[in-house]
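Colleague: I am new to this structure and would love a close look at one part of it. Could you walk me through the aromatic rings and what surrounds them?

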Amino acid sequence: RNKDFEEEKFKRRPKNFDEVVYDYPKQVVKSFITIIDFSENTKIEADYLISLIEILKVVEADYIKKRKQKNLNTFSDVSQELYNLLKQDINNFREKVNTKFDFIMIDEFQDTDRIQWEIAKYLSGWDGESLESISPNKLFIVGDDKQSIYGFRGGDVQVFNSARKEIIMINQEKKKETGFIAFPDNFRSSK
């Protein structure tokens with residue numbers, strides 16, 4: 001069972017909703033939830049929603065099939081493929097890529113998804129297991145958790161919060177400063 005569905009606001013979903021959307025990415029599930037919320041406001045029957053979801057599954061499968069036939073990739077496909085290559089580390093792929101970058105800076109990190117964060121860690125020397133393997137002072141992220149706007153394409157502010165905790169933990173283990181600098185004042189819009 002997917003923990004996302006245990007939240008209070010999802011209690012009114014159709015009975016077999018979990019089985020229908022279990023394998024879907026989080027952002028797609030959020031779209032289904034939006035449809036259900038809409039249906040509650042417009043009194044559309046849950047059975048019709050399940051039918052709509054089943055139709056969407058067929059459309060998505062056809063879309064993926066046609067994309068593969070034409071050898072087309074989405075940004076998500078490319079990200080997933082890079083992640084898989086880094087994770088599998090065939091022929092020391094990780095080291096070959098890692099040595100090409102002295103520093104990695106990611107701006108607008110609050111709109112990063114889990115795969116992108118994992119890629120950034122791998123490019124920073126992560127061995128896939130121990131956070132201590134990340135090269136010191138190689139990774140620099142900038143973001144504001146209050147400005148997360150790309151949830152529709154998988155950006156997850158929770159990734160930002162987890163990354164901040166991981167970076168603080170890495171630096172504490174290496175007896176360095178926290179690695180976190182807060183800028184409480186916004187000079188662009190303050191008087």
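Modeller: Happy to. This is a predicted model, and it holds 4 aromatic pairs. A pair of aromatic rings is described by the distance of the centres and the angle of the planes.

Let us begin with Tyr83 and Tyr122. Their ring centres are 6.2 Å apart and their planes meet at 50°, so this pair is tilted. Tyr83 belongs to helix α4 and Tyr122 to helix α6, so the pair ties together parts that are 39 residues apart in sequence. Tyr83 is buried, with a relative accessible area of 12%, and Tyr122 is buried too, at 3%.

Now for another pair, Phe109 and Trp117. Here the ring centres lie 5.4 Å apart and the planes stand at 85°, so the pair is edge-to-face; an angle over 60 degrees is what earns that name. Phe109 is buried, with a relative accessible area of 0%, and Trp117 counts as buried at 1%.

It is worth staying with Trp117 for a moment. Leaving aside neighbours within four places in sequence, Trp117 is in contact with Phe109, Thr112, Leu139, Val159, Ala163, Glu166 and Ile167. Trp117 and Phe109 also appear in the largest nonpolar core, which has 21 residues. Within that core, the residues that touch the most other members are Ile106, Phe109, Trp117, Leu123, Leu139 and Ile141. Several elements give two or more residues to this core: the helices α4 (75-88), α6 (114-123) and α7 (157-173), together with the strands β1 (104-106) and β2 (139-141).

Next, have a look at Gln116, which lies in helix α6. Is Gln116 buried or exposed? At 17% relative accessibility, Gln116 counts as buried, because the cut-off for that is under 20%. Not counting residues up to four places away in sequence, Gln116 touches Phe75, Asp111 and Arg153.

To finish, let us return to the tyrosines. Tyr83 and Tyr122 form one aromatic cluster with Trp126. Trp126 has a charged companion as well: Lys121 lies over the face of the Trp126 ring, at 4.3 Å from the ring centre. If you turn the model in your viewer, you can follow the tilted pair of Tyr83 and Tyr122 on to Trp126 in the cluster, and then to Lys121 over the face of Trp126. The edge-to-face pair of Phe109 and Trp117 is a good starting point for exploring the core, since both residues are among those that touch the most other members.

Conventions:
Residues are numbered from 1 along each chain as its sequence is written. This is a predicted model: local features need pLDDT of at least 70, side-chain atom pairs count only at pLDDT 80 or more; totals for chains, interfaces and linings use all residues. Side-chain values use heavy atoms; hydrogens and water are left out. A nonpolar core is a set of buried Ala, Val, Leu, Ile, Met, Phe, Trp, Tyr and Cys residues joined through side-chain atoms within 4.5 Å. Buried means under 20% relative accessible area, exposed over 50%, partly exposed in between (1.4 Å probe, protein chains only). Helices (H or I, at least four residues) and strands (E, at least two) are DSSP runs, numbered from the N terminus. Contact means heavy atoms within 4.5 Å. Rings of Phe, Tyr and Trp (its six-membered ring) pair if their centres lie within 6.5 Å; planes under 30 degrees apart count as stacked, over 60 as edge-to-face and the rest as tilted. A charge sits over a ring if NZ of Lys or CZ of Arg is within 6 Å of the ring centre and within 35 degrees of the ring normal.
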